[in-house]
Protein chains: 2
Amino acid sequence: MVGEIVVLRYGHRIVRDYRVTSHCCLVARAFGASKIIIHGERDESIEKSILGVVKNWGGSFKVEFAESWKKVMEEHRRKGFKSVHLTMYGLPLQKEIKKLRKPKKVLLVIGSQKVEREVYERADYNIAITLQPHSEIAALAVALDWLFRGKEMGKKFAGAGIRIVPQARGKKVLK
Amino acid sequence: MVGEIVVLRYGHRIVRDYRVTSHCCLVARAFGASKIIIHGERDESIEKSILGVVKNWGGSFKVEFAESWKKVMEEHRRKGFKSVHLTMYGLPLQKEIKKLRKPKKVLLVIGSQKVEREVYERADYNIAITLQPHSEIAALAVALDWLFRGKEMGKKFAGAGIRIVPQARGKKVLK
């Protein structure tokens with residue numbers, strides 16, 4: 001059963017990708033991943049903004065940077081992670097899901113526009129969330145939701161300074 | 001059982017929201033919605049880009065614009081749609097899902113940063129996908145996936161000029 005999931009965001013570009021990578025970080029955290037490693041251009045504004053969210057909303061989600069995606073994949077392999085690269089060219093999630101839920105530790109790799117061929121070759125699994133063009137943010141959320149079987153939805157975040165009390169209408173927030 | 005889903009994207013801003021709204025459109029299409037209605041600033045560059053995707057990848061997904069979100073909600077109510085506003089302040093998806101799968105037609109409302117209070121009041125349901133801050137793109141994808149029970153993943157798009165043949169490694173595309 002999957003316990004720990006780390007996300008590797010491939011090929012981040014400063015300014016251009018700021019919002020999309022920020023969404024990837026927030027989704028990774030909200031849907032139960034423990035860490036995101038951002039490969040590409042080192043963008044400390046994202047780290048700062050996400051750590052602000054962690055401070056207010058709790059939990060121990062981490063943001064790291066890496067210059068070499070190969071090293072990240074290699075290190076995680078040595079630590080017992082299986083790598084799952086999300087790509088619309090891969091095998092359908094709904095057919096592969098049982099296999100993907102077996103490893104205890106998963107490195108989820110999400111790309112931006114163009115991912116090197118070698119990522120496909122080095123990944124343990126190349127998995128498609130629909131065979132259509134859409135969004136790495138959506139692919140990440142749905143993959144985490146399937147891997148954790150929807151149980152991440154009720155996740156509690158320790159040490160939260162802000163907590164939402166669900167409402168049928170309007171907003172209720174405890175601080 | 002949910003048959004038709006239309007997405008209402010609230011409060012689009014030209015340039016600033018271009019990529020995020022584009023991702024919302026692509027996700028709506030890939031995960032089985034029939035149409036997206038973009039409220040806010042009229043952005044024909046998005047329509048053009050999404051219609052290009054529809055032309056290549058098939059199906060009959062539509063992009064429309066609306067100046068008044070109230071009119072869109074009212075018109076859809078008259079046509080028998082139930083409206084579901086996705087917001088982290090709402091009731092948890094995993095607790096409400098049975099109820100949400102009952103109507104035949106659903107209008108899914110997704111906001112940007114700040115949504116007027118009246119949207120919460122007029123929506124039939126305010127639903128949270130996790131109680132954490134993340135991404136309307138992720139919320140949309142997960143909501144569609146739950147509403148369609150994952151069956152949207154195998155959706156075929158009629159008239160596609162490009163089709164992916166799933167591969168364990170690498171890319172195979174039929175044109």
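**Group meeting: chain B and its partner, chain A**

Okay, let's start right on one pair of residues: Leu91(B) stands opposite Ile127(B), which sits in β6(B). Before I go on, keep in mind that this is a predicted model.

So where does that pair belong? Strand β4 of chain B, residues 82-92, runs parallel to β6(B), and five bridges join the two. Zoom out and you get an open sheet of six strands in chain B, with parallel pairing and the order β3-β2-β1-β5-β4-β6. At the edges are β3 (62-66) and β6 (125-128) of chain B, each pairing on one side only. From one strand to the next, the twist averages 30°.

Now the helices. Over the sheet, helix α6 of chain B, residues 136-147, lies across β1 (4-12), β4 and β5 (105-110) of chain B. Its direction is about 165° to β5(B).

Next, have a look at α1 (residues 18-30) and α2 (residues 44-57) of chain B. They pack at an angle of about 35°, and their axes are 10 Å apart. The crossing of α1(B) past α2(B) is right-handed. Who makes the contact? From α1(B) we have Tyr18(B), Thr21(B), Ser22(B), Cys25(B) and Leu26(B), and from α2(B) Ile46(B), Ser49(B), Ile50(B) and Val53(B). By class, that contact of α1(B) with α2(B) has six nonpolar residues, three polar ones and no charged ones.

Right, on to the dimer side of things. How many residues does each chain put into the contact? Chain B gives 42 residues and chain A gives 41 residues. On the chain B side, the elements that contribute two or more residues are α1, α2, β4, α4 (93-100), α5 (117-122), β6 and α6 of chain B. The largest share comes from α1(B), with seven residues. Split by class, the side of chain B that touches chain A has 24 nonpolar, 12 polar and six charged residues.

And the symmetry? A turn of 180° with a shift of 0.0 Å along the axis lays chain B on chain A, with an RMSD of 0.0 Å. So what we have is the relation of a two-fold axis. Both copies use the same surface, too: 98% of the contact residues of chain B recur in chain A.

One last thing to find on the screen: which residue of chain B comes closest to the rotation axis? That's Ala138(B), with its C-alpha at 2.3 Å.

Notes. Residues numbered from 1 in each chain as written. Chains lettered and ligands numbered in written order. Predicted model: local features only at pLDDT ≥ 70, side-chain atom pairs only at ≥ 80, totals over all residues. Pairing = 2+ DSSP bridges. Helix = DSSP H or I, 4+ residues; strand = E, 2+ residues; numbered from the N terminus. Axes fitted to C-alpha atoms, helices over the stretch in contact; angles between N-to-C directions. Contact = placed C-beta atoms within 7 Å. Least-squares fit on C-alpha atoms with pLDDT ≥ 70 in both. Left-handed = near helix turned anticlockwise from the far one by under 90°. Nonpolar A, V, L, I, M, F, W, Y, C, P; charged D, E, K, R; others polar.
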